[in-house]
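Let's walk through how to read a few features of a fold, one turn at a time. Pull up the structure and follow along.

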Amino acid sequence: MSVIQLAILAPDSRSAERLRGEAEACEGIEVALLISEWTHLDPQSLVRRLQQSEPEVVLIDFGSREESFAFIETLKQGMDDVRVLATASSASPEWIIKAVQMGAREFLPPPVQTAVLQEAFNRYRRERQSAQAPPQHKGELFAVTAAKGGSGATSVAINLAASIAQLPSTNVSLIDLSQPIGDAATYLDVNPRYTISDAFEAGDRLDPVMLESLMGEREKVSLLAGPRHFAAKAERNGLPVGRLLSTAREAFSHAVVDLGSPLEEDALKQVFDNDGRLLIVLTPELTTLWRTRQVLEFVGVSPDDERVRLVLNREEKKSAISLKEIESTLDRKIDWTLPNDYRCCLEAIHAGRPLVHFNHSQLSHHYSQMAIDLTGLKPRKDRRGLFGFLGGGSSK
């Protein structure tokens, strides 16, 4: 393991010694420079001292001085390649966002512990190795939307991601792009520390390592939660949706995106630009069929274009509108049907888990079959036969 040269800036001698102790307890770390009461020093002189010691990583404790965050910009101007880890006496969202905006790569919650530092250093090592490695094949991208709100696009996105994560050799992310607020974290009973807003705030600094650090994990799926607060669509205009999707494909073998409803032209373009496939969720209702037809016209692809697939949710054998009538109305075949099972869906939401992990209902098997069809991956085998996928699906 290569040794990382670390510089520590602390607001006082006690903090400096404590941070040194935590850092030196990490594997492969050498403290090249330790400066206490750094906030009283001239910023330019401080940068020159750091340049002389040539650290790869600088850990800065701002104490209670939020106004000192501006030093990160000064430091990055003089040492563009250095990785900045920030901490402070407050870990409020406002402080975290400001530190990242100024150029910090990560904000570590106070008091900084060895385990947290070790994870941050390991992420830096992985990023450095990734930058030196030859380009790798990008992962697959599946975007889920619905022509009409309430059709179940979020449930489909969650359970598709969870089903793919059950397949061998997969590394799956779920990105909640729903507006004006996302529901995926609520469905999974996750209280996210970071949201998609933080990913957008990172701008050009967003890379696979940073993206992973913004995510929480649930049932082997890495979740980037939707906006924490109700936000107007205008707040996302011009933000790098394409950069986010491209980065997700670099970091994960499969990325599932909940686009929500209605579908936005820019988001659709970015999905196709990133070789993604669009799954449109609909239900067997006249208003939903009419809206789905409008969405298909909006997307503007031919009926045999496999970049767009249709998922009929809440399908019932005795539905007033038959599957044949739905396909005739849309002039397009339905790729997958998901049986109506309101009770199982509600129980899974109350449990804060994907339905495919919560029970082995027919609906679970249909989700599993959809994941197999989309990825082309074969499930693991066990003594029961196919791991978790007994009972078949309903793909057409």
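**Reading a cavity and a sheet**

A: Let's start inside this predicted model: the largest cavity is lined by S155, I158, N159, Y187, C345, A348, I349, R353, P354, L355, L363 and Y367.

Q: How do I read a cavity, and what volume does the largest cavity have here?

A: The general idea: rolling a probe the size of a water molecule over the atoms shows where empty space is left. In this structure, the largest cavity comes out at about 100 Å³. It belongs to a set of three cavities of 30 Å³ or more.

Q: Which helices supply at least two residues each to that lining?

A: Look at α6 (153-165), α14 (342-351) and α16 (362-375).

Q: And by class, what is the lining of the largest cavity?

A: Nine residues are nonpolar, two are polar and one is charged.

Q: Now the sheet. What is the strand order, and is the sheet open or closed?

A: The sheet is open, with eight strands in the order β8-β9-β7-β10-β6-β11-β12-β13 and mixed pairing. At the edges you find β8 (216-218) and β13 (336-339), each with a single partner strand, so one side of each has no neighbour in the sheet. From one strand to the next, the twist averages 25 degrees.

Q: What packs on the sheet?

A: α6 does, touching β6, β7, β9, β10, β11 and β13. The direction of α6 makes about 175 degrees with that of β10. And α6 is one of the helices that help line the largest cavity.

Q: How do I read the two faces of a strand, say β7: are its residues buried or exposed?

A: In a regular strand the side chains alternate between the two faces of the sheet. For β7, V172, L174 and D176 are on one side, S173 and I175 are on the other, and all are buried. Since five of the five residues of β7 (residues 172-176) are buried, the strand is largely enclosed by the rest of the structure.

Q: Which strand pairs with β7 over four bridges?

A: That's β9 (residues 221-224), in the parallel sense, with S173 standing opposite S222. β7 also runs parallel to β10 (residues 254-260), joined to it by five bridges, and there L174 stands opposite V256.

Q: In what sense do β6 and β11 pair?

A: Parallel: β6 (residues 140-146) and β11 (residues 277-282) pair over five bridges. To find the pairing on screen, take V144 and its bridge partner in β11, L279.

Conventions: Residues numbered from 1 in each chain as written. Predicted model: local features only at pLDDT ≥ 70, side-chain atom pairs only at ≥ 80, totals over all residues. Heavy atoms only, no water. 1 Å grid on protein atoms, 1.4 Å probe; cavity = no way out; pocket = protein on both sides within 12 Å on 5 of 7 lines; lining within 4 Å. Points joined across faces, edges and corners; volume = space filled by probe spheres on them. Nonpolar A, V, L, I, M, F, W, Y, C, P; charged D, E, K, R; others polar. Buried < 20%, exposed > 50% of the residue type's maximum accessible area, 1.4 Å probe, protein only. Pairing = 2+ DSSP bridges. Axes fitted to C-alpha atoms, helices over the stretch in contact; angles between N-to-C directions. Contact = heavy atoms within 4.5 Å.
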